Amino acid sequence: MATPEPLKPREIDWVARARKVAPLIASHAGRTEREGKVTQEVMAAMHEAELFRLCLPRSMGGGEASPMTLSGVVSTVSAADASTAWCLGQGLGCSLSAAFLAPDVASEIFGAPDSVLAWGPFNTSGHVAKVDGGYRLTGRWSYASGIRNATWFGAHTMETGRDGKPLLNPDGRPHTRTLLFPAATATVDPVWDTIGLTGTGSDDYEVEDLFVPEAYSFLRDHEPDRRETGPLYRIALTAFYGMTFASVALGIARATLDEFIALAAAKTASHTAGTLRDGTAVQSDVALAEGHLGASRAYLLETMEEIWHVLGRGDALDLDRRARLRIACAYASGRAREVVAMAYHRAGATAIHAANPFERRFRDMNTVSQQIQAAPSNLEHAGMAILGLEPGGRV
């Protein structure tokens with residue numbers, strides 16, 4: 001029997017697809033925030049555009065997109081609504097699991113047009129026990145963004161042996177096993193009550209003594225479990241989310257600055273006859289904001305292109321490149337926050353009214369900034385690596 005030809009890359013302009021859906025996303029942003037989830041109409045449009053299939057393997061008909069394309073799509077959606085972009089980015093990270101599953105299992109989870117997988121971060125309180133044919137899972141997990149629209153859930157747990165003791169990797173780190181199960185088998189606790197990104201509905205969920213078959217699990221970022229050869233699936237999940245969340249931040253900042261530029265041309269400055277844009281302080285701030293956004297986006301794209309080239313030729317990412325990617329992501333998030341703060345402040349009383357876009361974007365941006373991928377510790381650990389020291393955390 002002849003060997004089948006590998007599927008060719010899908011020639012799709014994914015950013016153009018995101019731009020086409022963006023006006024609908026923006027028009028539903030208020031409802032998304034009030035309802036605590038991306039609206040059904042927006043989800044339907046995003047599924048029609050196949051945006052949640054952007055990072056699925058080509059063998060499944062997915063986009064298997066580069067980080068640069070990922071960033072373009074997420075930042076475009078984020079400029080329309082940050083909560084929607086956050087849910088998309090989280091779902092895309094979850095979809096990388098398809099590369100670690102048997103094809104029939106991956107098709108079951110991701111094959112339906114409206115498939116979305118959601119999970120929360122690793123939780124040490126979760127318990128998984130090996131049994132015949134699979135695992136018994138008990139635990140509660142938090143921050144599962146997009147869970148209210150998800151069809152499947154996942155849980156990251158510390159794997160233990162039959163003796164109950166944690167299993168360790170050669171480097172001494174515990175095995176992180178990810179188990180996947182239908183949404184209907186878990187209990188969701190709607191606890192998400194935050195100042196920003198309220199439309200993500202990042203709730204808690206729990207299961208009690210749930211049996212998960214072996215085939216519906218894999219070891220996170222574990223080379224032997226990886227079935228796809230593409231470079232996208234050799235990017236560590238934390239790095240993937242770093243690029244995704246930085247792109248959310250850049251999208252928020254771009255939209256906020258554009259709104260302020262429009263406002264500055266129309267709004268009269270207090271106690272003057274001129275508009276906001278006539279003030280030299282505003283002129284300087286806008287110029288610096290454009291520089292911050294342009295520089296951080298360019299650095300992020302340059303770094304992503306370099307790691308994509310390295311992975312594409314089959315090499316592993318060394319510590320230095322991983323550190324620089326961490327810097328690019330954290331730096332972009334930090335500069336984006338500064339740009340939004342400037343625009344919010346310079347907009348004056350206009351910014352405090354919910355009818356205007358500044359208020360929600362200010363809250364969303366500051367919520368994005370609290371996520372661990374934007375924490376100052378990322379720069380500390382990356383700086384240690386560049387200086388030849390042992391990083392204090394994972395890089």
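Two strands pair if DSSP finds at least two bridges between them. Keep that in mind for the exercises below, and remember that this is a predicted model.

**Exercise 1. Find out how strand 2 and strand 3 are joined, and which residues face each other across them.**

Step 1. Start with the bridges. Strand 2 covers residues 127-131 and strand 3 covers residues 134-144, and five bridges join the two. The cut-off for pairing is at least two bridges, so these strands pair.

Step 2. Check the direction: strand 2 and strand 3 run antiparallel.

Step 3. Pick out some partners. Ala129 has Arg136 of strand 3 as its bridge partner, and Lys130 stands opposite Tyr135 in strand 3.

Step 4. Look at the turn. This hairpin has two residues between the strands, and Gly133 takes a positive phi near 85° there.

**Exercise 2. Place strand 2 and strand 3 in their sheet, and say which strands form its edges.**

Step 1. A bit of background helps: strands of a sheet pair through backbone hydrogen bonds, either parallel or antiparallel.

Step 2. Read off the order. The sheet is open, has four strands in the order 2-3-7-6, and its pairing is antiparallel.

Step 3. Go to the ends of that order. Strand 2 and strand 6 (187-189) are the edge strands, each pairing on one side only.

Step 4. Add the twist, which averages 15° from one strand to the next.

**Exercise 3. Work out how helix 7 packs against helix 9 and against helix 4.**

Step 1. Here's what to look for: two packed helices are described by the angle between their axes and the distance between the axes.

Step 2. Take helix 7 (residues 237-266) with helix 9 (residues 319-346). Their angle is about 20°, and their axes are 8 Å apart. Angles under 35 degrees count as roughly parallel, so helix 7 is roughly parallel to helix 9.

Step 3. Add the handedness and the make-up of this contact. Helix 7 and helix 9 cross in a left-handed way, and the contact residues divide into 18 nonpolar, four polar and two charged.

Step 4. Now turn to helix 4 (residues 67-80). Helix 4 packs on helix 7 at an angle of about 40°, with the axes 7 Å apart, which makes helix 4 oblique to helix 7. This crossing is right-handed.

Step 5. See who does the touching. From helix 4, the residues include Pro67, Leu70 and Val74, and from helix 7 they include Phe240, Met243 and Gly251. The contact of helix 4 with helix 7 has nine nonpolar residues, six polar and no charged ones.

**Exercise 4. Describe the packing of helix 9 and helix 11.**

Step 1. Helix 11 covers residues 377-386; its angle with helix 9 is about 150°, and the axes lie 9 Å apart.

Step 2. Angles over 145 degrees count as roughly antiparallel, so helix 9 is roughly antiparallel to helix 11. The crossing is left-handed.

Step 3. On the helix 9 side you'll find Leu319, Asp320, Ala323, Arg324, Arg326, Ile327 and Ala330, which meet Asn378, Leu379, Ala382, Ala385 and Ile386 in helix 11.

Step 4. Sort those residues by type: eight are nonpolar, one is polar and three are charged.

**Exercise 5. Decide whether Ile147, Arg360 and Thr69 are buried or partly exposed, and list what they touch.**

Step 1. You need one cut-off: buried means under 20% relative accessible area.

Step 2. Ile147 sits in the loop between strand 3 and strand 4 (152-158). Its relative accessible area is 4%, so Ile147 is buried. Beyond its neighbours within four places in sequence, Ile147 contacts Ala118, Phe153, Val188, Thr200, Gly201, Asp203 and Tyr205. The C-alpha atoms of Ile147 and Gly120 are 27 residues apart along the chain and 9.3 Å apart in space.

Step 3. Arg360 belongs to helix 10 (residues 357-368). At 16%, Arg360 is buried too. Not counting residues up to four places away in sequence, Arg360 touches Ala29, Glu33, Ala80 and Asp81.

Step 4. Thr69 is part of helix 4. With a relative accessible area of 25%, Thr69 is partly exposed. Leaving aside neighbours within four places in sequence, Thr69 is in contact with Trp14, Val15 and Leu54. The C-alpha atoms of Thr69 and Gly279, 210 residues apart along the chain, are separated by 38 Å.

How values were computed
Residues are numbered from 1 along each chain as its sequence is written. This is a predicted model: local features need pLDDT of at least 70, side-chain atom pairs count only at pLDDT 80 or more; totals for chains, interfaces and linings use all residues. Side-chain values use heavy atoms; hydrogens and water are left out. Axes are lines fitted to C-alpha atoms, for helices over the stretch in contact, and angles run from 0 to 180 degrees between N-to-C directions. Angles under 35 degrees count as roughly parallel, over 145 as roughly antiparallel, 65 to 115 as roughly perpendicular and the rest as oblique. A crossing is left-handed if the near helix is turned anticlockwise from the far one by less than a right angle, and right-handed if clockwise. Ala, Val, Leu, Ile, Met, Phe, Trp, Tyr, Cys and Pro count as nonpolar, Asp, Glu, Lys and Arg as charged, and the others, Gly among them, as polar. Contact means heavy atoms within 4.5 Å. Buried means under 20% relative accessible area, exposed over 50%, partly exposed in between (1.4 Å probe, protein chains only).
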